[in-house]
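Subject: Handing over a structure, with notes

Dear colleague,

I am passing on to you the structure we spoke about, and I would be grateful if you could look through it alongside the notes below.

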Amino acid sequence: MHGKTTTLNILGGMDTATSGEVIVDSKEVTRLKNKELIKYRREDIGFVFQFYNLVQNLTAKENVELATQICKDSLNPEEVIKKVGLEDRMNNFPSQLSGGEQQRVAIARAIAKNPKLLLCDEPIGALDYKTGKQILKLLQDTARKEKMTVLIITHNTALAPMADKVIHFKNGTASAIEVNENPMPVEQIEW
Amino acid sequence: MKKALFKDSVKEIRNTYKRFISILLMAFLGVGFFAGMRATSPDMVDTIDQYYKENQVYDIQILSTLGLTEEDIEAISKIDNIETIVGTYEIDGILDIENKEVVTKIMCIEELNQPILLQGKLPESQDECVVEENFLTTNNKEIGDTIEIEIENTKNDEGEEIEYLNQSKLKIVGTVKSPLYILRDRGTSSLGSGKIDYYIYISKENIKASEIYTSLYIKVENSEKYTTSSEKYEDYIAKVKEDIEDIKEERETERHNKLVDIATTKVEETETEFNTEKQNAQQQIEEAKQEIENGKSEIKKTESELNTNKKESDTQFTNAYNQIQTAKKTIAQNETQLATKEQETNQQFSELEGQKQDLQTQLATVENSLAQLETQYDQMKDSPDIPEEQKQAIATQIQSLEQSKQTIEAGITQINNAIATGKQEIENAKTQIQNAKNELNNQEKQYEAKKKSTYSQLESAKLELEKAKTELETGEKELEQKQKEFEEKIAQAEAKLIEAREEITNIENPTWYVLDRYSNTGYNSFIQDTGSVENIAQVFPIVFFIVAALISLTSMTRMVEEQRTEIGTLKALGYNKLQIASKYIIYASLACILGGILGMSVGFVLIPKIIWMMYQMMYQMTDSIQISFNLTIGGIGLLLICVCIIGATIYAVLKELVQTPATLMRPKAPKMGKRVLLEKISFIWKRLSFSQKVTVRNIFRYKKRFLMTIIGILGCTALIVAGFGIKDSIECIMPNQFEKVFDYDMQIGLKNGLNEEQKQEYITNLQEKTEIQKVLEANVTYNTVINQENEEDVQLIVPKEQNDLDGVINLTDVKTKQKVELQENEICITDKVAELIGVKQGDTITLKDSKDKEIQVKISNVVENYVEHYIYMSKVTYENLYGETYNTNVLFIKNNDLSEEQEESLATEIMNQSEVASISRISTVMSMLDDTMKSLNYVVIILIVSAGLLAFVVLYNLSNVNISERIRELATIKVLGFYDKEVYSYVTRETVILTAIGIAIRINRRIFLKLLYHTELAKLIC
């Protein structure tokens, strides 16, 4: 246990902190009540999981719509899907998509909400190398193009150079925080 | 079984106790209801059986139209297997309580049918009685109070009127309940309002008219070995009944003969007596007549005597009168003569007086001359100058004068004498006449007095005679009257004699009714109700079993799915299928057996108790039902539920076990998303909101659950709907039947043997009443309607006038809802019976009457009806088909608007009329049915409550499975920021929709009721 996922959960309003405070965009998340937490999740946070967590019964587009229909400033689902490069698979069910495609749908679902924070928990953990790279590229591009804060959790330190800021966790505490002056493009990273 | 595996099983239960409990609950409900419902009917029978045995209730009852006697008892007791036979008296009487007429059934305390003492003591002496408990409360009476019963006098075999009881003033000494009246309804009576309000028990000693029993009760030997209403019991009793039926005819004839003998002897005696009396009376009259005749002739004699007397007296008196008159005349003549004579005499006297005067004048002259001469002489005498010659001449002259004077004087004296004599004579004659007159007067007086006395005597004699005459006349009149009276009396007596003779010929042949316990309305109704309960018990638990099986199937499937990794691991470790499956089988079996046993112990006790509680609204018996743990029923229930649940478990486990361990150890791929049919219909799909689309997909995603929810909910809904449906039907039965179909207010049964004239007179009387609007004459008989193998009992109503039914009984076609008229040679049949025997308009059915005569007839219309079954036929049809003369026996009466009291008094009035045999009022029928309906309401409540319980378990289980299966999906949408409410609706919307579908396509109420096809309940409702 390193505490990465817990931190992410607290940050995403899915768990509560026992002590300390979390401030997102000058909002004190740790102080939020349950309903405010949900609102916070709904409007400010996008999540991407290791196992995609798509609703099996909904098509790719519908999975995105699942998110957009509850958001105020959501993006157009179809455009978002196009952005993640799935315009041809828009009407496919998750089970008809490959892992990478599913993760793209998951990312599309997360960013379609136009969140302040995009939290990704081992987004490439279940993907092969090549697909993983594509996903990471998508995330980096999103952060760059959409000016969105993207948080990626990974146990793979090889990925660290691509981040603007790296926080290391050890035994449940943040052991080090370092800022990359020159983050590497994903294409150049090997693991 | 490996130890570790067993441990695992036990731990599994602990970990998934909710699931375990839900399966256990299903088993509990399934077995509980099954066992409880199934056991209720036998428990009810056991209860009444026990109750009847405790109170020595009869097996066979015998009634006769002319009562029963000691000889009958003797004859019956010779039959085999008769243990006890009791002749008893049951009669209806009227109690006057605060000017309210209360009809009571009066019974005697006997060895059989013993009433159960609740308070006080049983009546021991003549003037004691015991009553029902609610008699006291309703009428504000207490033990120790006295009531007075009015019972019509009865006739003994000799035809004499005698009082029924020795004592009609009775002291209440206790309260009882009677095993003969377990139903709250006490039946009907020919007295008062026509309905029995209470029963009372008196001591047998109080019966004065003890010669004739009204009823015989028989206890059959060893009948207590069988349970009442069981086939064995009924066969056993039927045998004895048959034996009694065998001597029935003989006894009937004997009774008839006896009555005829008695009556004949009596008539003969009366006749003799009558004849003697007649003779006596006649003789007396004759004598009286003779006497009067005698009187009459005597009066005549007296009268004629009187007349003779009178005549004689009349003659006598006339004679006397005449004599007196003659005498009077003679006297008058004499008087006249006398008067004449007197006159004559007086004339003579006046002549004489004249002469006398003359004489006196002469005398005076003489005297004068004399005096002058004397003076001259004297002068001369003294003077001597005068010659003496001159003196001599003078003296001579004087002398001659003297002489003349003397002669004159003599003449005067003579005349005086003559006058005096004459006067004397007249005086004498007068005196004589006076004397005669006096005498006559006397005689006359005497005559008058005599006349008076004679006539007054005659008068009084006459009066007496008159009196005698009047007396005689009165006597005569009296005699006449007496004779008249006597003649009248004779005529009367003769008429009576004739009547008595006629009566002898009219003495009906008595009919025996050999009845069993079913003749007791309470018992009959109770046994029928146990049948209803049994029928419900057949259908009701099936729903539970189906649902239980489905629920367990989902639950266990889910459980197995959750543990596929573990199964895979075990399989990889080398455990065989049975060993792996055993964990789940143990799990399910434990839930089943525990739940089942719990269910049994609760169901066996609770359900019969609840049902009993409901039936206690209708029946007054023991407070608690005999509860039995019927192991067969329990075993069957348990077995069934085990088959359902364990079967489902094995199915679920085997489905997983066939896969390879490798597949099993990988998490099961989530169910694929699929497009549903609806998406192809784009114009609908487009209109659905996103969440609606999701829901629609989800609904069809889990087919098993989809089906299960629908079936489960369907079952529950069916139960609930059936419950409410029954309630609804019950509630609308009465207005429908008694306002829409039967629009009359009273049905009067006419006495048998009234002739047409009497009937018409009575009907005219009724029609003249202001309370009555319409009277419909009809013939009503009980028939059986047959179509192939189906038979149903119906009432056949044949109105006297072809289409007079309108406004009294409204015939409406079921399909067209049009008014229907009776067609010639066709009939109208009511809808429910048509459905029961499976016929429709235009079909031909067979009608069988009470004499087993069968006719075929075509149905012209099927008409609406709600309670009981009827067939309507026109008079012409009746006569054509049966070839019998038509005879009315029932009057349907429609009243004007009457208050309840007015109707009550009208009914009482009609009941007291001699033409009326029975009267039934729609209002009483309605209130009686109302009571039945009320008790049914409770069945409905049970139905609804248990259906609700079932629905809860089904939905709870389904939601549980639904959530646990889709927990990841729910987590996702929660992470996405769905509010709690949205999450709930996301997951429950499907269930709600499925439930709605289940409700929507619920089994049609009629289909459900068809399952109860032949139950009493269904008959009532269908």
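The notes that follow go through conventions, confidence, the contact between the chains, the cores, one sheet and two backbone details.

Please keep in mind that this is a predicted model, in which local features need a pLDDT of at least 70 and side-chain atom pairs count only at pLDDT 80 or more, while totals for chains, interfaces and linings use all residues. Residues are numbered from 1 along each chain as its sequence is written, and chains are lettered from A and ligands numbered from 1 in the order in which they are written.

On confidence, chain A averages a pLDDT (the predictor's confidence in each residue, from 0 to 100) of 84, and 99% of its residues score at least 70. Within chain A, the lowest confidence is found in helix α1 (residues 4-11), with a mean of 83, and the highest in strand β5 (residues 149-153), with 88. Helices and strands here are DSSP runs numbered from the N terminus, helices being H or I with at least four residues and strands E with at least two.

Turning to the two chains together, 18 residues of chain A are in contact with 18 residues of chain B, where contact requires that the C-beta atoms, placed from the backbone, lie within 7 Å. On the side of chain A that touches chain B, the elements that give two or more residues are α2 (34-44) and α3 (60-68) of chain A. That side of chain A is made up of ten nonpolar, five polar and three charged residues, with Ala, Val, Leu, Ile, Met, Phe, Trp, Tyr, Cys and Pro counted as nonpolar, Asp, Glu, Lys and Arg as charged, and the others, Gly among them, as polar.

Chain B has 24 helices and 22 strands, and of its 1022 residues 32% count as buried, a term that asks for 20 or more other C-beta atoms within 10 Å of a residue's own, the C-beta atoms being placed from the backbone. The largest nonpolar core (buried Ala, Val, Leu, Ile, Met, Phe, Trp, Tyr and Cys residues joined through C-beta atoms within 7 Å) has 139 residues, and B:Ala27, B:Ala548, B:Ile641, B:Ile645 and B:Val954 have the most contacts inside it. Helix α2 (residues 17-54) of chain B gives the most to this core, namely 18 residues. A second, separate core holds 50 residues, including A:Ala106 and A:Ile135.

Chain B also contains an open sheet of four strands in the order β2-β12-β1-β13, with antiparallel pairing, where two strands pair if DSSP finds at least two bridges between them. Because β2 (82-88) and β13 (512-516) of chain B stand at the edges with a single partner strand each, one side of each is left without a neighbour in the sheet. Five bridges join β1 (residues 60-68) of chain B to β12 (residues 213-220) of chain B, and B:Gln61 stands opposite B:Tyr217 in β12(B).

Finally, two residues that are not glycines have a positive phi: A:Tyr52, at about 60°, and B:Ser229, at about 70°. A:Tyr52 lies in the loop between β3 (45-48) and α3 of chain A and is buried, with 23 other C-beta atoms within 10 Å. B:Ser229 lies in the loop between β12 and α5 of chain B and is buried too, with 22 other C-beta atoms within 10 Å.

With best wishes

Methods:
A residue is buried if 20 or more other C-beta atoms lie within 10 Å of its own, exposed if 12 or fewer, and partly exposed in between; C-beta atoms are placed from the backbone.
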